[in-house]
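Thanks for sharing this one. Below are some notes to read alongside the structure, grouped by region.

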Amino acid sequence: VARDSCIAETNKLVVRVLDTTTVPFDGREKACSNTQTCYSLLAGVLADFQWTVSGGTLISGQGGPVALIAWGDAGDGEVTVRMVFKNCDLTFRKKVEIRDPVVPGIAILGDTIICERDSVLLQVVSGFHDHLWSNGKRGQTLIVKKSGVYSCRAASSHGCIAHTREVTVQVLPGPRIPTVIQIGSTLICITDYDRYQWYRDGEPIPGATEREYEIEKNGEHRIR
């Protein structure tokens, strides 16, 4: 600026243009019913943010760039945020599909009533991840060797958490180890069982199904 042959400069003024097309409005477009989800509008400026929600409830974040929303029942929802920054007054919207969690199925490979030293395999059907069993184990499958009630918590592809049905496993105690004495050529099992079977050299002896057995041939004799 020139005046009376004097030259002077004004103060520098920084002008910032807010590109609304690059403002990230983050958060799920598919949410689980009766769960909480965070949404954010990170514009990089000190603005006032006004949040409104349909299909859910705003838990926290009014006035700020990050909001916590509790979704209600399954259906259609929407998150709206109005950002006021100096002369800029902008509104952003995000449609949200609210879904009920899908209960994961569970397959039982084997019997749920087993003997000691046996096992049964429980397996959650495919389509889920982040498996956590009721006994603290992780993974899609679980080998069970102890009596108890078992279930698994898993997450669907949409992040919904659900639990499988409960499976009761009963482990039966094994029979007592038999005690055998020998009197002359007679073997006697002094442990009480419902049934007996004598073996010679690992093979069952036909007809030897009583508590006592008269040795007929040399060999290693056992009872089962």
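**Notes on strands, cores and rings**

1. Let me start with one cross-strand pair: Tyr-39 stands opposite Ala-67 in S8. Please keep in mind throughout that this is a predicted model. A second pair involving S8 is Ser-40, which faces Val-66. Strand S5 (residues 36-41) and strand S8 (residues 66-71) pair in the antiparallel sense, and five bridges link them.

2. Ser-40 is worth a second look, as Asp-26 has this residue of S5 as its bridge partner. The pairing of S3 with S5 is antiparallel and has two bridges.

3. How are these strands arranged in the sheet of four? The order is S3-S5-S8-S7, the sheet is open, and the pairing is antiparallel. Strand S3 (25-26) and strand S7 (56-60) are at the edges with a single partner strand each, so one side of each has no neighbour in the sheet. As background, strands of a sheet pair through backbone hydrogen bonds, either parallel or antiparallel.

4. Now to the packing. The largest nonpolar core has 20 residues, and those touching the most other members are Phe-25, Tyr-39, Leu-41, Trp-51, Trp-71 and Val-79. At least two residues of this core come from each of S5, strand S6 (48-54), S8, strand S9 (75-85) and strand S10 (88-99). Which strand gives the most to this core? That is S9, with four residues. In soluble globular proteins, nonpolar side chains tend to be buried together.

5. Phe-25 deserves its own point. Leaving aside neighbours within four places in sequence, Phe-25 is in contact with Tyr-39, Ser-40, Leu-41, Trp-51, Val-79, Val-81, Phe-92, Arg-93 and Lys-94. One of these contacts has a particular geometry: Lys-94 lies over the face of the Phe-25 ring, at 5.1 Å from the ring centre.

6. Apart from the core described above lies another core, of 13 residues, which includes Val-120, Val-124, Cys-152 and Val-171. Two of these names come up again around His-131, a residue of strand S14 (residues 128-133). Beyond neighbours within four places in sequence, His-131 is in contact with Val-124, Lys-137, Arg-138, Gly-139, Gln-140, Cys-152, Arg-153 and Ala-154.

7. Is His-131 buried or exposed? His-131 has a relative accessible area of 9% and is therefore buried, the cut-off for buried being under 20%.

8. Further along the chain there is an open sheet of three strands, ordered S20-S21-S24 with antiparallel pairing. Strand S20 (180-183) and strand S24 (212-214) are its edge strands, each pairing on one side only. From one strand to the next, the twist averages 20°. Strand S21 (residues 186-189) and S24 run antiparallel and are joined by three bridges. In this pairing, Thr-186 stands opposite Glu-214 in S24.

9. Last, the aromatic rings. A pair of aromatic rings is described by the distance of the centres and the angle of the planes. The count comes to four aromatic pairs. One of them joins Tyr-193 and Tyr-196 in an edge-to-face arrangement, 6.0 Å centre to centre with 85° between the planes. How does each partner stand in terms of accessibility? Tyr-193 is at 25% relative accessibility and so counts as partly exposed, whereas Tyr-196, with a relative accessible area of 11%, is buried.

Conventions
Residues numbered from 1 in each chain as written. Predicted model: local features only at pLDDT ≥ 70, side-chain atom pairs only at ≥ 80, totals over all residues. Heavy atoms only, no water. Pairing = 2+ DSSP bridges. Phe/Tyr/Trp six-rings, centres within 6.5 Å; stacked < 30°, edge-to-face > 60°. Buried < 20%, exposed > 50% of the residue type's maximum accessible area, 1.4 Å probe, protein only. Lys NZ or Arg CZ within 6 Å of the ring centre and 35° of its normal. Contact = heavy atoms within 4.5 Å. Axes fitted to C-alpha atoms, helices over the stretch in contact; angles between N-to-C directions. Core = buried A, V, L, I, M, F, W, Y, C linked by side-chain atoms within 4.5 Å.
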